[in-house]
Amino acid sequence: DQLHATATELTADPARAVVVTGGPRVFAAGADITEFAQRGGEEPFAVAQPAQVARIGAAFLRALNAVAAIPSPTIAAVAGVALGGGCELALACDFRVAGENSRFGQPEILLGIIPGGGGTQRLARLVGVSRAKDLIFSGRMVDASEASSIGLVDRVVPAEEVMDSALEWAATFAAGPRHALALAKSAIDHGMQQTLEQGLLTEQRDFVQSFVTTDATTGVRSFLAHGPGRADFS
């Protein structure tokens, strides 16, 4: 709920860039499995009924979708483990900076269940269907090196440099044109959910929209007056 509330605030009043992080040993460990125990009754280890599972799953999905919808570049700064819902949180961001001590995984299958916060969809779109099936079917963890090799993370740095690296990267986006970046993110994300033909029409819509922003006023005017690379979007 707190994650959803913060993401909603960052959508209503966007920052120029957003970094999502956790602790030095645990980025996010995912769901508290005890939440999936049936409340009351004679059997202390009974599994929750579908209605209770649906409520929990909906809360996860709502929060992570809200993170994905933030109209700013988002970077997950991952040190330590990002498992289950924690891995899904990282997947909901645009980019992932991983510490050398990081581990990623979707271990739900080891409990006889499947990911429920976007893992089967965002992971497959990011690393490809075959690699996503390998991770999800096996439930195994991958280290930072393997995560980088399959495209799950974008940068690997020493664990103590994760936050600084993410903030430095975020600063490069923060210096850019915020409205144009938001439109570019929207065009890419929505286009990935459409056919190529529909995606190209989405791009054209957002392309035209970009010309009525203050960013275009600044950037195009600067180009016409001074040439490329000199616009100040601050």
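Modeller: A helix here is a DSSP run of H or I with at least four residues, and helices are numbered from the N terminus. With that in hand, and keeping in mind that this is a predicted model, one can place Gly-128, which comes just after α4 and takes a positive phi of about 100 degrees.

Biologist: How many helices and strands are there in the protein?

Modeller: The protein has 10 helices and 8 strands, and its C-alpha trace spans about 75 × 40 × 35 Å along the principal axes. Of the 234 residues, 38% are buried, and among contacts with a separation of 6 or more, 66% join residues 24 or more positions apart.

Biologist: What makes one say that the buried residues of α4 line one face of the helix?

Modeller: The buried residues of α4 are Gly-119, Leu-123, Ala-124 and Val-127. Viewed down the helix axis they fall within an arc of 105 degrees, so they line one face of α4. What covers them includes α3 (85-91) and α5.

Biologist: Why is Ile-136 called buried?

Modeller: Its relative accessible area is 9%, and buried means under 20%, so Ile-136 belongs in that class. Ile-136 sits in helix α5 (residues 129-138), and, leaving aside residues up to four places away in sequence, it touches Gln-106, Ile-109, Pro-115, Gly-119, Thr-120 and Leu-123. The C-alpha of Ile-136 is 17 Å from that of Gly-57, and 79 residues separate the two in sequence.

Biologist: Why is Glu-146 called partly exposed?

Modeller: The relative accessibility of Glu-146 is 26%, and the class in question lies between the limit of 20% for buried and that of 50% for exposed, so partly exposed is the label that applies to Glu-146. Glu-146 lies in helix α6 (residues 144-149), and its C-alpha is separated by 29 Å from that of Ser-186, 40 residues apart along the chain.

Biologist: How do you know that Cys-87 and Cys-93 are not joined?

Modeller: A disulfide is a covalent bond between the sulfur atoms of two cysteines. The rule asks for a pair of cysteine sulfur atoms within 2.5 Å, whereas the sulfur of Cys-87 is 11 Å from the closest cysteine sulfur, in Cys-93, which is too far for a bond. Cys-93 is likewise in no disulfide, its nearest cysteine sulfur being that of Cys-87, 11 Å away, and the count by this rule comes to 0 disulfides.

Biologist: Are the two cysteines, Cys-87 and Cys-93, buried or exposed?

Modeller: With relative accessibilities of 2% for Cys-87 and 5% for Cys-93, set against a limit of under 20%, Cys-87 counts as buried and so does Cys-93.

Biologist: What makes a space in the model a cavity rather than a pocket?

Modeller: A cavity is a set of points where a 1.4 Å probe fits but cannot get out, whereas a pocket is an open set. By this rule there is 1 cavity of 30 Å³ or more, and the largest cavity holds about 30 Å³ of space. Its lining consists of Cys-87, Phe-104, Gly-105, Gln-106, Leu-123, Leu-135, Val-142 and Leu-152.

Biologist: Which element gives the largest share of the lining of the largest pocket?

Modeller: The largest pocket has a volume of about 930 Å³, and of the 30 residues that line it, the closest to its centre are Ala-68, Asp-94, Lys-185, Ile-188 and Asp-189. The elements that give two or more residues to this lining are α2 (50-68), β5 (95-99), α4 (119-127) and α8, and the largest share, 8 residues, comes from α8.

Biologist: How do you know that α9 reaches close to the span expected of a helix?

Modeller: Helix α9 (residues 196-210) has 15 residues, and from its first C-alpha to its last it reaches 21 Å, which is close to the 21 Å expected at 1.5 Å a residue.

Biologist: What puts the buried residues of α9 on the same side?

Modeller: The buried residues of α9 are Gly-199, Thr-202, Asp-206 and Ser-210. They cover an arc of only 80 degrees around the axis, and therefore lie on the same side of α9. These buried residues pack against α8 (178-191) and α10 (214-226), while the face of α9 turned away from the buried side carries the exposed residues Glu-197, Leu-201 and Val-208.

Methods:
Residues numbered from 1 in each chain as written. Predicted model: local features only at pLDDT ≥ 70, side-chain atom pairs only at ≥ 80, totals over all residues. Heavy atoms only, no water. Expected span 1.5 Å × (residues − 1). Buried < 20%, exposed > 50% of the residue type's maximum accessible area, 1.4 Å probe, protein only. Arc of directions from axis to C-beta. Contact = heavy atoms within 4.5 Å. 1 Å grid on protein atoms, 1.4 Å probe; cavity = no way out; pocket = protein on both sides within 12 Å on 5 of 7 lines; lining within 4 Å. Points joined across faces, edges and corners; volume = space filled by probe spheres on them.
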